[in-house]
Amino acid sequence: MEEVVEGKDYSFPAEEEKILALWDSLDAFKEQLRRSEGKPEYIFYDGPPFATGLPHYGHILAGTLKDIVTRYACSTGRHVSRRFGWDCHGLPVEYEIDKKLGIKSRDDVLAMGIDKYNEECRSIVMRYSKEWEVTVRRLGRWIDFENDYKTLDPSFMESVWWVFKQLHEKGLVYRGFKVMPFSTACSTSLSNFEAGLNYKDVDDPAVMVAFPIKAAGGAAAGAVIEGSQLVAWTTTPWTLPSNLALCVHPELTYVQVKDPAKGTVYIVAEARLAALPGAVPKAKKGGDKKKGKEGEAAAAAVPAGFELLAKFQGAELVGAAYEPLFPYFADHTTAFRVVADGYVTDDSGTGVVHQAPAFGEDDYRVCLANGVIAKGEGLPCPIDLNGRFTAEVTDFAGKYVKDADKEIIANIKAAGRLVDHASLNHSYPFCWRSDTPLIYRAVPSWFVKVEAIKERLLANNEVTYWVPSYVKEKRFHNWLEGAHDWAISRSRFWGTPIPIWASEDGEEIRVIGSIQELEEIAGRKVDDLHRHFIDDITIPSSRGKGLLRRIDDVFDCWFESGSMPYGQLHYPFENKELFEANFPADFVAEGLDQTRGWFYTLMVLSTALFDKPAFKNLVCNGLVLAADGKKMSKRLKNYPDPTEVIDKYGADALRLYLINSPVVRAETLRFREEGVFGVVKDVFLPWYNAYRFLVQNVCRWELETGEIFNPGTTLDAGLNALAAAADSSEQQAAGGAVLDRWIAAAVRSLTAYVRAEMEGYRLYTVVPRLVAFIDQLTNIYVRYNRKRLKGGKGRCDCLSALTTLFHVLLTVTKVMAPFTPFICETMYRNLRAGLVAAQQQQQQQGGAAAAAAAEVPESVHWCDMPAVEQEREGDGRIQASVGRMQAVIEAGRVIREKHNRPLKQPLRRVVVVHPDPDFLADITGELAQYVTSELNVLALETCADPLAYAELSAVPDWQGLGKRLGKDMGKVAAAVKGLTMDDVLAFEKSGSIELAGYTLAEGDIKVVRSFKPPAGVAPGEVDAAGDGEVLVVLDLAQQDDLVEQGLARELVNRYQKLRKKAGLTVTDVVELYYAPAAAAADGGSVPALLTKIIVGQASYLSEAFGQPLQALAAKPDSSVVIAQELQSIGGDENGASFVAVLATAPGSSAAAAAAAAGSVQQMNLQ
């Protein structure tokens, strides 16, 4: 293995660039696909983004999720084709061209020519495709860009035609009107999903308009209402010229009131009377305090309000006829009457809603249901596709609807029909592309009968698996349950043309389902299916209706993206067997917003075509917001550029930050750059340092032994070698293998957990476990085994520890590879070199074993995910014991910090209190050395009786019991607090207790354990801490021998720091000396305290240094001093100063390293 640099010198982004170059040289992705050929197919659908914009964090998140799952699938024995896709049609592209060319209306496009316009659109479709490819590649995502699919490809468009023809033949397609969100700037309707993307708070006019009743008609209220004026309220005055009806709620109460000042009679909902100006008198603030006649006069001056004449139920008003507000559609004989519907409310307005069926979804529904309009017949819609009034509305012809509001209000006022005019601030939808207000407009459209297959949609949703499940069970289920027929046509130009050829009267249609069918009709070759290549093709009528021509509409781009399972494979024209054998797909993933977008269209089309869901498993992520909780905005610059973040911290760090967050559970994430840095600091650097520590010590081992490090082939290799060792002195060191057994058990547990959770697509549980394991690896195994790994406990024991650490890191790289592909590849490549070197040595030595050596793949991403091993006897116990041991150590550290006892200062003893005899046996046996070392205590004792160091008391759960007991809570609480220790113990054993007439269970009472110092111990000489399970008691008393040992640890620390400062590595051998702090010429001498420590702690120092610490006078003349520095240990009252000296043979690696470092202060030593 090659030496690696220190963590502080390691650049994660730079190393990732090297890995990208490696993957290119290996053609790693294609080779992975080649190696997995013949394995079971794992089908993944990639939702197509638009390439007219740059990728953002939402794309990065979804792409990372997809990459992790597909990498994992490939590593577990499946063949995973991954093709990138592009959404090439639709409004986003047209909008960019409209801006570029200054196109303002549909007429501008027609004047320019559809052919020129569409080719302009084609020219920008892949504008940012290279930027996408660079970003996706830099993120480490493996996906095929060369064999990508595009919705503009004739093969994809042909499959879309096939889909539509299948729906038509199944009777699931019809033509009708639908009131839809409409962008006047883009001259097209939008889906409800798109309409919800861009709401803004705006001020709109709010007007009350009078509609005089000219005849009671069939109204049950009778002639008494004739001459009265129904008052309707609206915030869209521009819809009033198209009014055809008024709607009331059949069960609400309406009042007939008279304005005494004007004599006008109004009818409004009783609950909304106060909204009518002057109807209800308003008292003066503070009241009128005047007395006598003056006060009576003032009261008389206050308007008395309107006079109540009668009350009616809304149903009694139905059938009344009223005077049209405008004359434009006065010839509609079924219009201008009162109807009723339950959608009317009395929480705003007047309880009377004006109906303009062309401009409101409810308006259209209500007017259709009440015969005001008829399906498919002339619907008054005097607004063109650019939002301007047509010639039918003579007074406002040519005016944009929003601009016409003021003139319309003025016209109503002049006619004496304006009751009130105000302004309302409310949330209103804007076009997500043009950022202009949307209107609702009836448009002729082709529909898919979603309502007819709703039950099958719900049933198919049930057989899918979603993470998180609540998105499926609530959000998506509710959306399906309330689904309406889907309007799939758009009156646009750049899209897949709807393949309907129709007669002029629309009564004869023909649906084309393939290019071949079209070519046979046209009698010519067809290479492109866009409008300007096929709109001129005509079909002779079979009914004598002349020529059938293609309708103008194109498909909604959501229809295209919902057809991607078929379009990407050109099904059924190609890949028929491949598709049918592997449908539904195994996996899809996108953001939460796609529940009403892509997930929905996939489900609708697959159900309509095959009565199956389009996918089996779905991972839904949440939204990534800016740090302030707002939507990320380029204009506001409230988020860091993704490229800059990757360049600064690396793609792995960004990937792990995103995946280890609430966003994987479909919740929101407030993106913070410091979170990405935290991954580097808290996860990657410790992990890298553990890896570097292994490499350093393998190199040291090879240098010292002259042998090539052979880690064997399995995690058990180290333990097996240790067990087989014949040297009895080294066998005694085998006790150190307890952590080898523990980490091996932990790796087996980790592998089983990761595979189980990944099979369940629960990434949000996997990543925290992986991060926690890396923390255990670095802070327990490597930290506690440093001496073993450095060879401090014998050659065989060192080899066992190195071999175990090697295979743990190798396993972790394979398990983590789908999540952090770069750092895993970097580590794997060097670990692989160790395996290859050992194999080569075996081959040179010959033998059957060498000939049968398994291939070591060149990339970690060609390796299989480690298999799940059966849990071995003792795995559970050793993991539990080490976990408790770590709790003991953490508690001991807390006590030290609380009492200002630095770790370098030894303490006499620690007592571990726990009732489990197995754990106490472990903690005093194999694990004792780690507790005493980490806590720097001389002795470890155990106690199985929790009451030896604790007093028990009980307190009630105030919140829970308070709700249940009410006024009896006080006496029950007093009874709980009065429990004796024996009572508490009995409660813990039985789980319940009778108090003050109530039975209390475990959750009702909290048992509190308070530390009880042993008798005769002075305050401050002992303290305890614990985690609720393990209690740790630490002896804090200070004694001279302990102080001396603490100073010896300080001494070791000073030489270790000097080595590091001199630029030395573990393989650099040096001699250690000490000299007086003052120069010899001044008669300096070694302090007596230092001499006492060196003599008294000689055994400890020799073990720590690997050699005795000697006076400088003992240095042979052949050695050269390479580093020296003034040092001190202890404090002012009990300390010593000296010069630490490092020496080595001339020309050694240590001498070269020190010369290169050149940072150690040199002193003039005699």
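Here is a chat between a trainee and a mentor about this predicted model.

Trainee: Let's start with the overall layout: how far apart do the C-alpha centres of domain 1 and domain 2 lie?

Mentor: The domain assignment gives domain 1 as 188-280 + 302-440 and domain 2 as 673-872. It also lists domain 3 (950-1011) and domain 4 (1040-1164). For the C-alpha centres of domain 1 and domain 2, the separation is 75 Å.

Trainee: Are helix 27 and helix 32 roughly parallel or roughly perpendicular?

Mentor: Find helix 27 at residues 763-784 and helix 32 at residues 875-898. Their axes are 12 Å apart and meet at an angle of about 90°. Angles of 65 to 115 degrees count that way, so helix 27 and helix 32 are roughly perpendicular.

Trainee: What kinds of residues make up the contact of helix 27 with helix 32?

Mentor: Helix 27 brings Ile780, Arg783 and Tyr784. Helix 32 meets them with Val882, Met885, Gln886, Ile889 and Arg893. Sorted by type, the residues of this contact are five nonpolar, one polar and two charged.

Trainee: Which strands stand at the edges of the sheet with the order 29-28-35-34?

Mentor: This is an open sheet of four strands with mixed pairing. On average, neighbouring strands are turned by 20° against each other, direction ignored. An edge strand has a single partner, so one of its sides has no neighbour in the sheet, and that describes strand 29 (937-943) and strand 34 (1022-1026).

Trainee: In strand 35, which residue is the bridge partner of Ala1025?

Mentor: Look at strand 34 and strand 35 (residues 1031-1035), which run antiparallel. Five bridges join the pair. Across from Ala1025, the bridge partner in strand 35 is Val1032.

Trainee: At about what angle does helix 32 run to strand 35?

Mentor: Helix 32 is the one we saw packing with helix 27. It lies across strand 28 (907-913), strand 34 and strand 35. Helix 33 (residues 917-924) lies across strand 28 and strand 29, at about 165° to strand 29. For helix 32 against strand 35, the angle is about 45°.

Trainee: Is Asp67 buried or exposed?

Mentor: Asp67 sits in helix 3 (residues 57-75). Leaving aside neighbours within four places in sequence, its contacts are Gly140, Arg141, Trp142, Arg655 and Pro818. Under 20% relative accessible area is the cut-off, and Asp67 has 0%, so Asp67 is buried.

Trainee: Which residue stands opposite Asp144 in strand 2?

Mentor: Strand 2 covers residues 144-150, and five of its seven residues are buried. Strand 1 (residues 83-86) runs parallel to strand 2, with three bridges joining them. Opposite Asp144 you'll find Arg83.

Trainee: Which residue in strand 25 does Trp466 stand opposite?

Mentor: We're now in an open sheet of three strands, ordered 16-25-24 with parallel pairing. Strand 16 (465-467) and strand 24 (585-591) are its edge strands, and the twist averages 15° from one strand to the next. Strand 16 and strand 25 (residues 615-621) pair over three bridges. The residue opposite Trp466 is Leu618.

Trainee: Last one: which helix lies across strand 16 and strand 25?

Mentor: Strand 16 and strand 25 are the parallel pair we just looked at. The helix you want spans residues 469-481 and runs at about 105° to strand 16. That's helix 14.

How values were computed
Residues numbered from 1 in each chain as written. Predicted model: local features only at pLDDT ≥ 70, side-chain atom pairs only at ≥ 80, totals over all residues. Heavy atoms only, no water. Domains from an automatic or database assignment. Axes fitted to C-alpha atoms, helices over the stretch in contact; angles between N-to-C directions. Helix = DSSP H or I, 4+ residues; strand = E, 2+ residues; numbered from the N terminus. Parallel < 35°, antiparallel > 145°, perpendicular 65-115°, else oblique. Contact = heavy atoms within 4.5 Å. Nonpolar A, V, L, I, M, F, W, Y, C, P; charged D, E, K, R; others polar. Buried < 20%, exposed > 50% of the residue type's maximum accessible area, 1.4 Å probe, protein only. Pairing = 2+ DSSP bridges.
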